[in-house]
Amino acid sequence: RINALSFYEMTFKALPYLEASKGHIFATSSMAGETPLSFSNIYTSTKHAVNGFFYSLQQELLARQSPVGITVGALGLIVTDDMDAILGDEKSLFPSFAQGDVHVCATGMMDSLIIRPRTFSYPFIANKLQRFM
């Protein structure tokens with residue numbers, strides 16, 4: 001419920017204020033919402049629901065020429081201090097191109113508020129490879 005329904009409710013409640021302020025939504029999601037992942041069917045299905053909701057809402061807002069922008073953040077493995085502690089030695093199981101730096105990710109997310117792309121994918125190479133496979 002939290003992985004999907006909370007996004008819907010929060011967005012619908014914020015939309016009138018975002019319309020008035022010409023605001024922007026950065027929907028933090030996952031690469032799992034773009035392409036399926038093995039052994040994570042519940043998580044992947046909720047992320048597909050989140051992405052489907054925001055991509056559909058993007059189209060609706062564009063059709064009615066709303067000033068509100070939406071960026072869907074298709075994020076992969078972002079190595080935060082907490083994630084580093086959780087993974088420990090197992091971090092080496094993930095190739096370096098599949099690991100994203102938290103500061104680079106944060107900068108890209110902030111840039112998205114200005115540039116307003118429809119999707120922000122990070123780590124970029126891992127996301128492209130996952131879509132290809």
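This report describes the surroundings of strand β2 and a group of aromatic residues in a predicted model.

**Strand β2 and its neighbours**

Strand β2 covers residues 69-75, and seven of its seven residues are buried, so the strand is largely enclosed by the rest of the structure. In a regular strand the side chains alternate between the two faces of the sheet. In β2, Gly69, Thr71, Gly73 and Leu75 point one way, while Ile70, Val72 and Ala74 point the other way. Residues of both sets are buried.

Two strands are joined to β2, as the table shows.

| Strand joined to β2 | Residues | Bridges | Direction relative to β2 | Partner of glycine 73 |
|---|---|---|---|---|
| β1 | 24-28 | Five | Parallel | Threonine 28 |
| β5 | 119-122 | Four | Parallel | Phenylalanine 120 |

Glycine 73 thus stands opposite threonine 28 of β1 and has phenylalanine 120 as its bridge partner in β5. Together with helix α2, strands β1 and β2 make a right-handed β-α-β unit.

**Aromatic residues**

Across the whole structure, a search finds six aromatic pairs. One pair consists of phenylalanine 7 and phenylalanine 54, whose ring centres are 5.9 Å apart, with 80 degrees between the planes. An angle over 60 degrees counts as edge-to-face, and the pair is therefore edge-to-face. Phenylalanine 7 belongs to helix α1 (residues 5-21) and phenylalanine 54 to helix α2 (residues 41-63). The pair links distant parts of the chain, as its members are 47 residues apart. Both phenylalanine 7 and phenylalanine 54 are buried. They also belong to one aromatic cluster, which is formed by Phe7, Tyr8, Phe12, Phe53 and Phe54.

Note on methods:
Residues are numbered from 1 along each chain as its sequence is written. This is a predicted model: local features need pLDDT of at least 70, side-chain atom pairs count only at pLDDT 80 or more; totals for chains, interfaces and linings use all residues. Side-chain values use heavy atoms; hydrogens and water are left out. Rings of Phe, Tyr and Trp (its six-membered ring) pair if their centres lie within 6.5 Å; planes under 30 degrees apart count as stacked, over 60 as edge-to-face and the rest as tilted. Helices (H or I, at least four residues) and strands (E, at least two) are DSSP runs, numbered from the N terminus. Buried means under 20% relative accessible area, exposed over 50%, partly exposed in between (1.4 Å probe, protein chains only). Two strands pair if DSSP finds at least two bridges between them. A crossover is right-handed if, with the strands pointing away from the viewer, the path from the first strand over the helix to the second runs clockwise.
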